Amino acid sequence: MAASLWRAVMGTGGGYGGGGDPAEGCVEFWHGAERTGWLNKQGEYIKTWRRRWFVLKQGRLFWFKDASVTRASVPRGVIPVDTCLTVKGAEDVLHRQFAFELSTPTETMYFIADSEKEKEEWINSIGRSIVQHSRSVTDAEVIDYDSRPQPPPQPKTSEATEPSA
């Protein structure tokens, strides 16, 4: 799945880097990231664990073999967070400390952080990015309940409208 996500991202305006116009989908991952750090990632096909340098920027989670990321670096993979449904702890699933998972409609990917603090920070950062880049609700669809017109008050009816005889 990550490979197909990679192809989808790479197929649109370069998908990353290249110094192109960010409005066309290019992300300058080599500087100014929202979050960076080491995580262990489980392989897509061969389920071994590999230590990778992760960069979260502009709604994409990139990973690299080493931390010296430059304009010329080629990511080992990328996940557009707008395809993600959840990010949550996965210690009970993997039976490993500091584990968390990132799920899309078709796949669940697993990661292991170096500490509980790092795990929580990654979950929070990715979660924020999912919300910010979600296509499920656009600005035009958001209802501001405080500023919408209120219906006029309904007249109260009284059960005893006529005096009884």
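The protein has three helices and seven strands, where helices (H or I, at least four residues) and strands (E, at least two) are DSSP runs numbered from the N terminus. This is a predicted model, in which local features need pLDDT of at least 70 and side-chain atom pairs count only at pLDDT 80 or more, while totals for chains, interfaces and linings use all residues. Residues are numbered from 1 along each chain as its sequence is written, and side-chain values use heavy atoms, with hydrogens and water left out.

**Overall layout**

Along the sequence, the elements follow the pattern α-β-β-β-β-β-α-β-β-α. The protein has 165 residues, of which 39% count as buried; buried means under 20% relative accessible area, exposed over 50%, and partly exposed in between (1.4 Å probe, protein chains only). Contact is defined as heavy atoms within 4.5 Å. Of the contacts between residues at least 6 apart in sequence, 44% join residues at least 24 apart. The exposed surface of the protein is about 10400 Å², and carbon and sulfur atoms supply 52% of it. Accessible areas come from the Shrake-Rupley method with a 1.4 Å probe, and for residues only the protein chains shown count as cover.

**Salt bridges around R35**

The whole structure contains seven salt bridges, a salt bridge being a side-chain nitrogen of Lys or Arg within 4 Å of a carboxyl oxygen of Asp or Glu. Among them are the three listed here, with the distance between the closest N and O atoms.

| Residue | Partner | Closest N and O atoms |
|---|---|---|
| E118 | R35 | 3.5 Å |
| R35 | E121 | 2.9 Å |
| K117 | E121 | 3.1 Å |

R35 lies in strand β1 and E121 in helix α3, so their salt bridge ties together parts of the chain that are 86 residues apart in sequence. The bridge between E118 and R35 also links distant parts of the chain, with E118 in helix α3, R35 in strand β1 and their positions 83 residues apart. K117 and E121 are both in helix α3; because they are four residues apart, about one helical turn separates them. R35, K117, E118 and E121 are linked in a network of salt bridges.

The members of this network differ in accessibility. R35 counts as buried because its relative accessibility is 15%. E118 is partly exposed, at 26% relative accessibility, and E121 is partly exposed with a relative accessible area of 26%. K117 has 59% relative accessibility and therefore counts as exposed.

R35 also has an aromatic neighbour: it lies over the face of W122, at 5.0 Å from the ring centre. A charge sits over a ring if NZ of Lys or CZ of Arg is within 6 Å of the ring centre and within 35 degrees of the ring normal.

**Aromatic pairs**

A pair of aromatic rings is described by the distance of the centres and the angle of the planes. Rings of Phe, Tyr and Trp (its six-membered ring) pair if their centres lie within 6.5 Å; planes under 30 degrees apart count as stacked, over 60 as edge-to-face and the rest as tilted. Nine aromatic pairs are found in the whole structure. One of them is the tilted pair of F29 and F62, at 5.1 Å centre to centre with 50 degrees between the planes. This pair links distant parts of the chain, since F29 is in the loop between α1 (2-10) and β1, while F62 is in strand β3 (residues 60-64), 33 residues apart. F29 is buried, at a relative accessible area of 2%, and F62 counts as buried at 0% relative accessibility.

F54 and W122 form an edge-to-face pair, 6.4 Å centre to centre and 75 degrees between the planes. Here too distant parts of the chain are linked: F54 is in strand β2 (residues 49-57) and W122 in helix α3 (residues 116-133), 68 residues apart. Both F54 and W122 are buried. Through ring pairs, F54, W63, F100, F111 and W122 are joined into a cluster.

**Q42 in strand β1**

Q42 is placed in strand β1 (residues 35-42). Its relative accessibility is 17%, so Q42 counts as buried. Apart from neighbours within four places in sequence, Q42 is in contact with K47, T48, W49 and Y110.
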